[in-house]
Amino acid sequence: MVGLMKLLMIIVFIAHICGCIWHGIAHYRDVFTWLDSYHLRDKSNGTKYNYSIYWATMTMTTVGYGDITG
């Protein structure tokens, strides 16, 4: 059970790091990004973070075709 919890925490941590990087790249670019295509540029950081974590989790656990593209 402890091993399973450690694995889940590692997955959550990696999803957090990947999500933050994904958001950071889109936030600091002046070109059209996923933030613009989903009309999230003016939303709260929490909303953008949730979308980023969703993207990272779906990419890690599935093929992730067509959900959020950059």
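Biologist: Which residues make up the largest nonpolar core here?

Modeller: In this predicted model, that core has eight residues: Ala15, Trp22, Ala26, Trp34, Leu35, Leu40, Trp55 and Ala56. Helix 1 (2–27), helix 2 (34–37) and helix 3 (45–61) each give two or more residues to this core. Helix 1 gives the most, with three residues.

Biologist: OK, what makes a set of residues count as a nonpolar core?

Modeller: They have to be buried residues of certain kinds, Ala, Leu and Trp among them, and they have to be joined through side-chain atoms within 4.5 Å. The eight residues, from Ala15 to Ala56, are listed as such a core.

Biologist: Let's pick one. Why is tryptophan 34 called buried?

Modeller: Tryptophan 34 has a relative accessible area of 1%. Buried means under 20%, so tryptophan 34 with its 1% gets that label. Its place is in helix 2.

Biologist: And where does methionine 60 lie relative to tryptophan 34?

Modeller: Those two are 26 residues apart along the chain, and their C-alpha atoms are separated by 18 Å.

Biologist: Now the cysteines. How do you know that cysteine 20 is in no disulfide with cysteine 18?

Modeller: Just check the sulfurs. The one in cysteine 20 is 9.5 Å from the closest cysteine sulfur, which sits in cysteine 18. A disulfide needs the two sulfur atoms within 2.5 Å, so 9.5 Å is too far for a bond.

Biologist: What is a disulfide, anyway?

Modeller: It's a covalent bond between the sulfur atoms of two cysteines.

Biologist: So how many disulfides does the count come to?

Modeller: Zero. Cysteine 18 is in none, with the sulfur of cysteine 20 as its nearest cysteine sulfur.

Biologist: Why is cysteine 18 called partly exposed?

Modeller: Cysteine 18 has 31% relative accessibility. Buried would be under 20% and exposed would be over 50%, so 31% falls in between and cysteine 18 counts as partly exposed. Cysteine 20 gets the label partly exposed too, because its value is 34%.

Biologist: Back to the whole chain. How many helices and strands are there?

Modeller: The protein chain has three helices and zero strands. From the N terminus on, the elements run α-α-α.

Biologist: And how much of the chain is buried?

Modeller: Buried residues make up 21% of the 70 residues. The chain exposes about 5200 Å², and carbon and sulfur atoms supply 68% of that.

Methods. Residues are numbered from 1 along each chain as its sequence is written. This is a predicted model: local features need pLDDT of at least 70, side-chain atom pairs count only at pLDDT 80 or more; totals for chains, interfaces and linings use all residues. Side-chain values use heavy atoms; hydrogens and water are left out. Buried means under 20% relative accessible area, exposed over 50%, partly exposed in between (1.4 Å probe, protein chains only). Helices (H or I, at least four residues) and strands (E, at least two) are DSSP runs, numbered from the N terminus. Accessible areas come from the Shrake-Rupley method with a 1.4 Å probe; for residues, only the protein chains shown count as cover.
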